[in-house]
Amino acid sequence: MSSSSTPWPLIFIVIFIFIFLSLPLVHSRPDIVQGMPPNGKCSDACGNITVKFPFGTGFGCGHPDFSRYIKCSSGKLQFSTLTGIYTVSSIDYSSNTIIVSDPLMSTCSSMQNSGSFSLDSSSPFTIMADDVFVLLGCSTTSPVFDLDEGLCDTGSGSHACRGLYSCKGVTGIGLYPNAPISTCCVYNSINAVGSGYGLDLPKLQCSSYASIYGLGDDEGDPMKWKYGIALQYNSSDSNACKDCEASGGLCGFTGLDESFACNCKDGLNTTSNCFGRGIRVCLERLMGTQISNQDEHYCRTSDLVDVILCLEQITGNMDEIMKEL
């Protein structure tokens, strides 16, 4: 059969299938749901950071328990708490950890008065045990120096204090390099911070803080230390999400009950996956209507048999195609 001409009966068959499947497509598929994110779709990246479930780039994307804390804004992935908005520097999905950066947090190269930091008790995040919180420029009457409370690590913690106080950046908090470390405290109450207590600098009478999650290649050089707050998050494995991602969709939620939704590339949500969504694309191409350039190469024939093969190429699953038909 020539690809340049199509028998009229075949055209009628194609028209029928096109109408049945896509006019309107929402009513032909009971698993399609409403409630798209405000930006119209979810994304698998924010800037140079890959965004995977349970995280999302905006409302309606990812897991609802994480949506209030993580979002993409102006190409930057942000982490929000009651004490401020922080930049997500990296995500390690294999270990369920994220690194966040506080713009007011002190480092060796730059120190300034900091704000406080806390996680609320319902947060799915906790402070990593390896995080070292160093309180800087504390008053001699600060409660952290109460020996009965034992809030400061006076043993190995003194290494972090000496290292940071050797930095030229200490002038930013009114000290001079190599000042006495009597106003420095390596805070022992990390667990309290991670369970909703919070790092309240005014209450602790300290000027600033630094958080170190790694010592880098040279633990004796504070310029090479890794500054930031490492947070562990609860894994939220979901078979429904795995099916959605396998079909090329992105996991999200919708409705007042925040039920699961699979966000497909064509801008619609389903309650299952995106398999079979390519049928409409092929038929639109066949009928000469406009489709996106990224799908155009899938649909080049006007023969119904080739269309079915084309659909199989898109979905990778012939059974799913036959269900759609």
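**Entry 1. The link of Cys152 and Cys185**

I looked up the torsion about the S-S bond of Cys152 and Cys185 and found -110°, a left-handed link. The model I am reading is a predicted one. The sulfur atoms of Cys152 and Cys185 lie 2.0 Å apart, and the two residues form a disulfide. I then noted where the two ends sit: Cys152 is in the loop between strand 9 and helix 4, while Cys185 is in strand 10, so the pair links distant parts of the chain, 33 residues apart.

Are the two ends buried or exposed? Cys152 has a relative accessibility of 14% and therefore counts as buried, since the limit for buried is under 20%. Cys185 is buried as well, with a relative accessible area of 1%.

**Entry 2. Other disulfides**

I asked how many disulfides the count comes to. The count comes to nine disulfides. I examined two more of them, beginning with Cys108 and Cys167, which form a disulfide with sulfur atoms 2.0 Å apart. The torsion about their S-S bond is about -105°, so this disulfide is left-handed. Cys108 lies in the loop between strand 7 and strand 8 (125–127), and Cys167 in the loop between helix 4 and strand 10, so the pair ties together parts that are 59 residues apart in sequence. I recorded both Cys108 and Cys167 as buried.

Next I took Cys264 and Cys274, which a disulfide joins at an S to S distance of 2.1 Å. The torsion about the S-S bond of Cys264 and Cys274 is about -100°, so I entered this disulfide as left-handed. Cys264 sits in the loop between strand 15 (259–263) and strand 16 (269–270), and Cys274 in the loop between strand 16 and helix 8 (278–286); the two are 10 residues apart. Cys264 is buried, with a relative accessible area of 6%. Cys274 is buried too, and its relative accessible area is 8%.

**Entry 3. The sheet of strands 10, 9, 11 and 12**

I traced the sheet in which strand 10 takes part. Four strands form an open sheet in the order 10-9-11-12, with antiparallel pairing. Which strands stand at the edges? Strand 10 and strand 12 (226–227) do; each has a single partner strand, so one side of each is left without a neighbour in the sheet.

I then looked at the pairing of strand 9 (residues 132–136) with strand 11, which run antiparallel and are joined by five bridges. In this pair I found Val134 opposite Ala210 of strand 11. Helix 4 lies across strand 9, strand 10, strand 11 and strand 12, and I noted that helix 4 runs at about 55° to strand 9.

**Entry 4. Ser208**

I turned to Ser208, which has its place in strand 11 (residues 208–214). Ser208 has a relative accessible area of 0% and is therefore buried. What does the side chain of Ser208 join in a polar contact? The side chain of Ser106 is the partner, at 2.5 Å. In addition, a polar atom of the Ser208 side chain lies 2.8 Å from the backbone oxygen of Gln112. Residues up to four places away in sequence left aside, I listed the residues that Ser208 touches, among them Leu104, Asn113, Val134, Ile173 and Leu201.

**Entry 5. Thr171**

Gln112 led me to Thr171: the C-alpha atoms of these two residues are separated by 8.7 Å, although the residues are 59 apart along the chain. I located Thr171 in the loop between helix 4 (157–165) and strand 10 (185–186). Thr171 counts as exposed because its relative accessibility is 52%, and the limit for exposed is over 50%.

**Entry 6. Strands 5, 6 and 7**

Last, I followed the strands from strand 5 to strand 7. Strand 5 (residues 76–81) and strand 6 (residues 84–92) run antiparallel and are joined by four bridges. They form a hairpin with two residues between them. Phe79 stands opposite Tyr86 in strand 6.

Five bridges join strand 6 to strand 7 (residues 97–101), and these two strands run antiparallel. I found that Asp92 has Thr97 of strand 7 as its bridge partner. The hairpin of strand 6 and strand 7 has four residues between the strands, and in this hairpin Asn96 takes a positive phi near 55°.

Methods. Residues numbered from 1 in each chain as written. Predicted model: local features only at pLDDT ≥ 70, side-chain atom pairs only at ≥ 80, totals over all residues. Heavy atoms only, no water. Buried < 20%, exposed > 50% of the residue type's maximum accessible area, 1.4 Å probe, protein only. Polar contact = N/O pair within 3.5 Å; in protein donor to acceptor, adjacent residues only side chain to side chain. Contact = heavy atoms within 4.5 Å. Pairing = 2+ DSSP bridges. Axes fitted to C-alpha atoms, helices over the stretch in contact; angles between N-to-C directions. Disulfide = S-S within 2.5 Å.
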